[in-house]
Amino acid sequence: MNLLNAPLADFQHPLVASKAKEITANADSERDKLKSLFFFVRDEIKFGFPPKGDLVKASETLKMRMGQCITKGTLFLALCRASAITARIHFSLIRKDIQKGLFTGLMYKLMPDAISHSWIEVKLEGK
């Protein structure tokens, strides 16, 4: 796996590296590390749309404490890599009606029919 394929996941940034170490400090296993990282990103990074859109480095998301699927995914990817957990990011398109309610009125009407989405895949216990 080429770690340079995700330049926004700046896992070597001091802020990302130190946060990963802090989050996983009490973890007894790789699975526990992964759970701690997941719950941190899910619960401590509020859902919202950064002004820069999707092109936000993990360290920036960590500073803002806010992101959406792609930026939170990028942060999760970086935290995993900083914790020596093999991970990669996937992208796909989803129907815009999934976002109905988050976006309303003219904003919703102007959205394309398909919007980008991402998720993280990790290698855990050899799988």
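Is Phe49 buried, partly exposed or exposed, and what is its relative accessible area? Phe49 is partly exposed, at 41% relative accessible area. The legends below describe close-up views of a predicted model.

**View 1. Phe49 and its neighbours in a nonpolar surface patch.** Phe47, Phe49 and Leu102 together make a nonpolar patch of about 310 Å² on the surface. Phe49 itself belongs to the loop that runs between β1 (46-47) and α3 (58-64). Its relative accessible area is 41%. Because a value between 20% and 50% falls between buried and exposed, Phe49 is classed as partly exposed.

**View 2. The crossing of helices α2 and α4.** Helix α2 comprises residues 30-44 and helix α4 comprises residues 69-82; their axes come within 10 Å and cross at roughly 155 degrees. Angles over 145 degrees count as roughly antiparallel, and α2 is therefore roughly antiparallel to α4. The crossing of α2 past α4 is right-handed. Helix α2 also holds Arg42, a residue that is partly exposed with a relative accessible area of 47%. Between the C-alpha atoms of Arg42 and Ile98 the distance is 19 Å, and the two residues are 56 apart in sequence.

**View 3. The salt bridge of Lys19 and Glu22 in helix α1.** The model contains six salt bridges. One of them joins the side chains of Lys19 and Glu22, with an N to O distance of 3.2 Å. Both residues belong to helix α1 (residues 14-23), and because they are three residues apart there, about one helical turn separates them. The two partners differ in accessibility: Lys19 is buried, at 15% relative accessible area, whereas Glu22 is exposed, at 53%.

**View 4. The salt bridge of Glu60 and Lys52.** The side chains of Glu60 and Lys52 meet in a salt bridge with an N to O distance of 2.8 Å. Glu60 has a relative accessible area of 24% and is partly exposed.

**View 5. The salt bridge of Arg88 and Glu121, between strands β3 and β4.** In this view the side chains of Arg88 and Glu121 form a salt bridge, 2.7 Å from N to O. Arg88 lies in strand β3 (residues 87-95) and Glu121 in strand β4 (residues 114-122), so the pair ties together parts of the chain that are 33 residues apart in sequence. Arg88 is partly exposed, with a relative accessibility of 41%. Glu121 is likewise partly exposed, with a relative accessibility of 32%.

**View 6. Gly67 and Gln68, in strand β2 and the loop after it.** Gly67 is part of strand β2 (residues 66-67). With a relative accessibility of 0%, Gly67 is buried. The C-alpha atoms of Gly67 and Ser18 are separated by 20 Å, and the residues are 49 apart along the chain. Gln68 is located in the loop between β2 and α4. Its relative accessible area is 4%, and because buried means under 20%, Gln68 is classed as buried. From Gln68 to Ser118 the C-alpha distance is 9.6 Å, across 50 residues of sequence.

**View 7. Arg65, a residue with positive phi in the loop between α3 and β2.** Most residues other than glycine have a negative phi. Arg65 is not a glycine, yet its phi is positive, at about 60 degrees. The residue sits in the loop that links α3 to β2. Arg65 is partly exposed, with a relative accessible area of 31%.

**View 8. Ala84, a residue with positive phi in the loop between α4 and β3.** Ala84 has a positive phi of about 65 degrees, although this residue is not a glycine. Its position is in the loop between α4 and β3. The relative accessibility of Ala84 is 65%. Because exposed means over 50%, Ala84 is classed as exposed.

Key:
Residues numbered from 1 in each chain as written. Predicted model: local features only at pLDDT ≥ 70, side-chain atom pairs only at ≥ 80, totals over all residues. Heavy atoms only, no water. Patch = residues over 30% accessible without salt bridge, like charges linked within 9 Å, V, L, I, M, F, W, Y side chains within 5 Å. Areas by Shrake-Rupley, 256 points an atom, 1.4 Å probe, with all protein chains shown as cover. Salt bridge = Lys/Arg side-chain N within 4 Å of Asp/Glu carboxyl O. Helix = DSSP H or I, 4+ residues; strand = E, 2+ residues; numbered from the N terminus. Buried < 20%, exposed > 50% of the residue type's maximum accessible area, 1.4 Å probe, protein only. Axes fitted to C-alpha atoms, helices over the stretch in contact; angles between N-to-C directions. Parallel < 35°, antiparallel > 145°, perpendicular 65-115°, else oblique. Left-handed = near helix turned anticlockwise from the far one by under 90°.
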